[in-house]
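Q: Please take a close look at one part of this predicted model: the protein surface around the DNA. Which residues and atoms make the contacts?

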2 protein chains.
Amino acid sequence: MAQTVKAVAELAGVSVRTLHHYDAIGLVRPGGRTEGGYRVYSQRDLERLQQVLFFKELGLGLEEIKEVLDRPGFDRRQALLDHRDLLSRRRDRLGRLIAAVERTLQSMEEGVPMEGNVMFDGFSAAEYEEEVRQRWGETAAYKESRERTKDYTAGDWDAVFTEQTAILQAIAALADRPADDPAVLAEIGRMHRFISERFYACPPQMYRGLGDLAVADERFKRTYEKLRPGLSQFMRQAVHAYCDKLEAEE
Amino acid sequence: MAQTVKAVAELAGVSVRTLHHYDAIGLVRPGGRTEGGYRVYSQRDLERLQQVLFFKELGLGLEEIKEVLDRPGFDRRQALLDHRDLLSRRRDRLGRLIAAVERTLQSMEEGVPMEGNVMFDGFSAAEYEEEVRQRWGETAAYKESRERTKDYTAGDWDAVFTEQTAILQAIAALADRPADDPAVLAEIGRMHRFISERFYACPPQMYRGLGDLAVADERFKRTYEKLRPGLSQFMRQAVHAYCDKLEAEE
DNA sequence: ACTACACCCTGACGTTGCGTGAGGGTCAAG
DNA sequence: CTTGACCCTCACGCAACGTCAGGGTGTAGT
C-alpha cells in the first residue's frame, strides 16, 4: 500500500530521478514522508502518476498536465474515455506509418523513386497534438494571447477594460433588436477586431466558438447576465449572424 | 526535384529549424546550395530524411541515427523491414495501453482500487528502445564500455593490448585440446574477467553472444583466423563450455 | 555492536532537440 | 525599384530529465 520511490519507479517504468522531478515541480507529490525523510507513495499518488503518464503519452507538457489535473472540475472518468479515443487514433497513425514503410519497400523493388508527398505520409504527429490541446487546455490561441499581452502595462489593461465594457454596454443597449440588426452586427464586428488586435488572430470559426461560450461557460454567462438578463443568448445569436454575413461576403 | 527548405519541411511535417539543425550536425545535409547560399534538397536527401524520421520514431537519438546511417554496410532495405516489425510492436503496445485505460475505467465503476502492477501495464517504452539498440547499434554495454575507457591513457591502452594478445596467444596454443579442457577454460575465464574489469559488466548470457560473434562477425573472425586457422570456431565452443560450467555452478 | 550494502536524500550542473528572436541578404512579382 | 515572402547565420532559451557529488538511513549478517 505504501511504496518507496524505487518500488514505484519500477512499477511505473520510470526512473527514480523522474519521480524526484515530478515531486519538485509539484506534479506528483508523495502523500507523506518517513521520519528519515523518505518519500512514501500511497495508492492515490499512484493513480495520479498513472494520469500523468497517460497525458504524457499524448504529448502534453508537464506544466500543462499539472494545470489540467489540478483544475477543479477535472473528471477522471471523462479524461480516461477521451484518452481511449486519442490513443486509438494514434494506433491508426502507426498503421499508416507501417503502410508508408511498405510502400517505400515496394518502390525500392520496382526501382521507381517515390513522390515526396507519399514518402512522408503518416509521420506528422503535430496535428494530433493540437487536437489534444483543443480538448484539454492550452490552445494555440491561448498561447498567442498570453504572448501578446505579457508586456501590457497597467495603462494598457486599463484601456482594454474600458473599451471592452464600452462595447458590451453598447450591445446590451441594442439587445431588444433582432440579432442580425445592422447596428448590432457593427458592434459585434467592433468586438471581433478588438480581440484580433489585442489578443489573438480570431478566424470566424473560432469567433463562433467564442460566441457559444457565452452561454456554455458559466464565467462568461454570469458576466453577461449581470449586465442584462438574456444577454448571453443574444450574444451567441449575434455572433453567429455576424459570422454568417462575413463568410457570405467572400 | 530540387526543393527548398520550406517545401521539404512542409512535405515531411517538420520545422525549418529542424532541417537547419540536421544540417548543422551533419545528419541530413542538402545536396547543394544556390549561389545565394540557399539549401537545395535532392531526392536522395529526401530519402535520407525519411530514414532519419523512421529511426526517430523508434526512439533513437540523432547522434546514434547518424552513426547507423553512415555505417558502411548499412542496408536500407533490411532497415525498412526491421522498422516495419518494430512499428507494429509499438502498435501492439498502444493496444495494451488502451486496454489499460479500459481496465482502469472498469475498476472505477466497480469502486475497486487497481493493483499497482496492472495500473502501469503497457507504458514502459524502455524495453522496446533497448531492443532497437540491440539491433542497430549503441547497446547499453557499448555505452558502458565507452564510458569506462574514455579516460584511458596511452599507457592504459598499451596494457590492454598486451594483456589481450597474451590471452589470445595462450588460447591459440591450446587449440588442439578439447574446447572444455580445464586449461582452456581457465584462459577463457581470464578473458572474461579481463573484459569485465576493463570494459563492461558481462553476464554469461552476453559472453555467449560475444563468443558467437567470433564466428559471425567478419572483423573478429579475421583477427582470430590470422592467429591460427580454426581459432574462431574453437573460441566459440570454448566460451560456451565455459558459460555452461559457470551456470552449472550456481 | 559493527559494518556492509542497498536504498534514500538534496543540490547542482550537463545534455538533447529543437524554439525563438535578432540582424541581415535574396528574389520573383507588381 | 520596392514590397513581401523566403532564405541565411549566430546565439541564447527551455523542457525533462541524466548524472555525479556528498552525505544520511535501515537492516541483515557476523
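A: Start with a base contact. An N or O atom in the side chain of Arg17(B) lies 2.9 Å from a base oxygen of DNA strand C. That is a polar contact, meaning a pair of N or O atoms within 3.5 Å; within protein, one must be able to donate a hydrogen and the other to accept it, and residues adjacent in sequence count only if both atoms are side-chain atoms.

This is a predicted model: local features need pLDDT of at least 70, side-chain atom pairs count only at pLDDT 80 or more, and totals for chains, interfaces and linings use all residues. Residues are numbered from 1 along each chain as its sequence is written, chains are lettered from A and ligands numbered from 1 in the order in which they are written, and side-chain values use heavy atoms, with hydrogens and water left out.

Stay with DNA strand C. Arg17(B) is among the residues that come nearest, along with His20(A), Arg39(A), Ser15(B) and Tyr22(B), out of 20 around the strand. A residue counts as near if one of its heavy atoms lies within 4 Å. Of the strand C atoms within 4 Å of the protein, 77% belong to sugar and phosphate. Two phosphate contacts stand as examples. The side chain of Ser15(B) places an N or O atom 2.7 Å from a phosphate oxygen of strand C. Lys6(A) uses a backbone N or O atom, 3.1 Å from a phosphate oxygen of that strand.

Now the elements. Helices are DSSP runs (H or I, at least four residues), numbered from the N terminus. α2(B) gives the most to the surface near strand C, with four residues. By class, that surface has five nonpolar, eight polar and seven charged residues. Here Ala, Val, Leu, Ile, Met, Phe, Trp, Tyr, Cys and Pro count as nonpolar, Asp, Glu, Lys and Arg as charged, and the others, Gly among them, as polar.

Turn to DNA strand D. Of the 20 residues around it, Ser15(A), Arg17(A), Tyr38(A), His20(B) and Arg39(B) come nearest. Tyr38(A) reaches a base: one of its polar side-chain atoms is 2.8 Å from a base nitrogen of strand D. His20(B) has a polar side-chain atom 2.8 Å from a phosphate oxygen of strand D. For the side chain of Thr4(B), an N or O atom is 3.2 Å from a phosphate oxygen of strand D. α2(A) supplies the largest share of this surface, four residues.

Note on methods. Helix = DSSP H or I, 4+ residues; strand = E, 2+ residues; numbered from the N terminus.
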